[in-house]
Structure formats: C-alpha cells, structure tokens
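Here is a friendly tour of one structure, written for someone who likes to see cut-offs next to claims. Have the coordinates open and follow along.

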Amino acid sequence: MKALLYRIKCITNMHVGSGDVAYTIIDNEIEKDAVLNNVAVIHPSGVKGAVKAFFSSENIEASIVDYIFGNEIDTGENEKEKKQKKTVPGKYKFMGATLMARPFRVSEGSVSYVLGVSEELINYQLELFRALGISHINGTDISNMHIETPEYPVMVSNTDNIKSLEGIKAKPYENQKTRVLLEDLIGPSFAVVDNSFWKEQEYPMIARNCLNDQGISENLWYEEIVPHESIFYFPVLADDNYIKKFRETMENIIQFGAIASLGYGFAKVTCVAESGGDYYG
C-alpha cells in the first residue's frame with residue numbers, strides 16, 4: 001500500500017470533543033494525545049468519519065465509497081434475517097491527525113501571531129512519516145532530519161517581526177538545514193519552542209449559553225477549541241484502486257469535529273507527500 005500524507009489547515013476554530021467528564025472550569029475538552037504533552041489530536045475514527053461524510057456529500061459512486069471506507073451488508077437469507085448486519089472494512093486505512101503547529105500570541109512585534117511547534121512534537125511526527133516510507137516533503141529529504149532542542153525557550157524565523165512570544169523574548173532560529181523543512185511543514189513564519197513552554201500554553205476557551213423558550217439563560221458552559229490557522233497532519237494508507245479519484249476529492253475543504261452548524265471545524269486538506277518520493281498532484 002502507498003502512504004499519502006495530508007495536511008489539515010484549520011480555516012475556522014475546531015472542536016473535536018474528548019467525551020470525558022471534566023472536573024475543571026472547562027466543560028467540553030478537546031481530544032489530546034495520550035502520550036504527547038498537551039497535543040491536540042483527531043482520532044482515526046474521527047478522521048475517517050469526516051472524510052467519509054464529505055465523500056458521500058460529493059455524490060461519489062456508492063461502490064467507490066464502500067471500497068474505500070467499508071460498509072454494512074445484510075447476512076440473512078430472508079426478510080427476518082436481513083436485519084442482521086455484517087461490517088465489511090474499507091480497503092483504505094486512516095490514521096489519526098496530530099497537531100503540528102498552533103498559533104501563539106506575539107506580545108511584541110509587527111504581527112499578531114505565529115505558528116509554533118515543539119521540538120519533541122515535530123521529531124515524533126518525522127519518525128512516523130519515515131516509518132511509513134515518506135522520505136521527502138516538498139523536495140526536502142527528511143531521511144535523517146532531526147530538529148535540535150532549542151537553546152532558548154522561544155526561537156523564531158524572523159525576530160524583526162516577532163520580538164517576544166506570550167511574554168517570552170524570542171531569539172532567531174538559525175539552523176538553515178532544518179529551517180527549510182519547518183517552512184515546508186508550517187510556513188515561512190514559525191516558532192520552535194521548548195517542551196515546557198508548549199505545555200504551559202492553554203488552548204482557547206469559548207463560553208456557550210443555552211437559552212430557554214423565553215430567552216433566559218439556563219446553562220452556561222465552557223468549551224475548549226483548537227484555534228483557526230492550526231495545522232494537523234495525518235497519513236492514509238491506500239492501494240491503487242480509486243486512488244486518483246481519492247486524491248482529487250480530498251483536495252478540498254472538509255469539516256471535522258462538532259458544531260458544524262456554527263461553522264466550526266472547516267479545514268483545507270492538502271496532500272503534501274507520499275511514500276516512495278514527492279507528491280506533485
């Protein structure tokens with residue numbers, strides 16, 4: 001099978017709920033990785049469900065959707081037995097999406113925010129990409145690439161525009177070899193922060209209110225979100241059947257997570273690499 005690497009660039013705020021009971025001020029928390037510290041994720045079922053729903057909305061042939069995502073078939077031989085269903089798994093394998101970079105507030109500088117990543121997080125993802133046979137991203141060889149631990153809590157691509165981040169003075173990121181990779185994965189403006197800085201930064205919270213029929217507030221709760229502009233990456237393992245159709249359909253805006261009616265979770269999805277070489281569309 002071929003591994004296709006996809007980028008999710010959040011156009012709007014996203015809430016993929018953890019489903020856990022919270023005993024803090026946050027009532028609805030976002031999903032976070034069980035091992036990586038304070039890293040938002042979209043579990044594989046959430047990725048697959050969102051992509052399948054999008055494919056179905058695009059009027060893709062049912063046989064193609066069933067092949068890629070799987071379906072349920074009747075197993076009985078009469079009307080009564082037809083109610084018994086058997087799940088047939090899809091041929092494509094969807095892995096979870098892991099946050100690569102999120103916006104941090106520029107407390108001194110000429111821009112409002114910069115996308116930041118921790119060295120632990122990006123090195124974890126590079127190892128995953130290599131394990132799937134992905135050796136290049138936008139022409140950059142990642143075979144032996146490793147982001148070194150910053151010598152300072154915050155290192156940024158351009159200290160002319162970004163002088164301090166969340167109150168911490170920034171220093172320039174000067175490793176030119178890994179700088180190219182960071183620009184490919186995140187963009188021309190980025191920050192590399194140490195793990196303690198990343199751990200301390202909370203995700204935004206939004207207050208939501210439930211009104212009764214008379215317009216009176218009955219319940220106020222707080223919801224954690226992944227802010228727009230954040231970037232996730234997720235791999236898909238695909239065979240050659242329908243892969244051209246899959247690629248064409250995936251290059252689109254797809255909605256992930258909850259609260260779609262309020263515009264949450266809309267993201268631009270783009271293929272950036274594949275196993276065995278670069279991806280050029």
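Ile 259 sits in the loop between strand E18 (252-255) and E19, where strands (E, at least two residues) and helices (H or I, at least four) are DSSP runs numbered from the N terminus. Its phi is positive, about 65°, although Ile 259 is not a glycine. Ile 259 counts as buried because its relative accessible area is 14%; buried means under 20%, exposed over 50%, and partly exposed in between (1.4 Å probe, protein chains only).

Before going on, please note that this is a predicted model, in which local features need pLDDT of at least 70 and side-chain atom pairs count only at pLDDT 80 or more, while totals for chains, interfaces and linings use all residues. Residues are numbered from 1 along each chain as its sequence is written, and side-chain values use heavy atoms, with hydrogens and water left out.

Asn 138 also has a positive phi, near 55°, and is a residue other than glycine. As background, most residues other than glycine have a negative phi. Asn 138 belongs to the loop between strand E8 (136-137) and strand E9 (140-141). With 46% relative accessibility, Asn 138 is partly exposed.

**Salt bridges**

Side chains of opposite charge can pair when their charged atoms come close. Here a salt bridge is a side-chain nitrogen of Lys or Arg within 4 Å of a carboxyl oxygen of Asp or Glu, and the count comes to six. Three of them are set out below.

| Acid | Base | Closest N to O |
|---|---|---|
| Glu 274 | Lys 2 | 3.5 Å |
| Glu 229 | Lys 9 | 3.5 Å |
| Glu 274 | Arg 247 | 2.3 Å |

The bridge between Glu 274 and Arg 247 links strand E19 to helix H6 (residues 243-250), with the two partners 27 residues apart. Lys 2, Arg 247 and Glu 274 are joined into one network by salt bridges that share partners.

The bridge from Glu 274 to Lys 2 connects strand E19 (residues 266-274) with strand E1 (residues 2-10), across 272 residues of the chain. Is Glu 274 buried or exposed? Glu 274 is buried, since its relative accessible area is 12%. Lys 2, at 24%, is therefore partly exposed.

Glu 229 and Lys 9 form the remaining bridge in the table. It joins distant parts of the chain, 220 residues apart: Glu 229 lies in the loop between strand E16 (217-224) and strand E17 (231-238), and Lys 9 in strand E1. Both are partly exposed, Glu 229 with a relative accessible area of 21% and Lys 9 at 27%.

**Aromatic rings**

Rings of Phe, Tyr and Trp (its six-membered ring) pair if their centres lie within 6.5 Å; planes under 30 degrees apart count as stacked, over 60 as edge-to-face and the rest as tilted. The structure has 12 such pairs. One of them is stacked: Phe 69 and Phe 94, 5.3 Å centre to centre with 15° between the planes. This pair ties helix H2 (residues 62-69), home of Phe 69, to strand E5 (residues 93-94), home of Phe 94, 25 residues apart. Phe 69 and Phe 94 are both buried.

Phe 104 and Phe 197 meet edge-to-face, at 5.5 Å between centres and 80° between planes. Phe 104 belongs to strand E6 (residues 97-109) and Phe 197 to helix H5 (residues 195-200), and 93 residues separate them. These two are buried as well.

Ring pairs also link Tyr 6, Phe 55, Phe 69, Tyr 92, Phe 94, Phe 234 and Phe 246 into a cluster.

**The nonpolar core**

A nonpolar core is a set of buried Ala, Val, Leu, Ile, Met, Phe, Trp, Tyr and Cys residues joined through side-chain atoms within 4.5 Å. In the largest one, with 78 residues, those touching the most other members are Ile 8, Phe 55, Leu 165, Phe 232, Phe 246 and Phe 256. Leaving aside residues up to four places away in sequence, Phe 55 has contacts (heavy atoms within 4.5 Å) that include Ile 60, Phe 69, Phe 246 and Met 250.

**Helix H3**

What span should the 13 residues of helix H3 (residues 119-131) have at 1.5 Å a residue? The expected span, 1.5 Å times one less than the number of residues, is 18 Å, and the end C-alpha atoms are 18 Å apart, which agrees. Buried residues of H3 include Leu 121, Ile 122, Leu 126 and Phe 129. After H3 comes Gly 133, with a positive phi near 90°.
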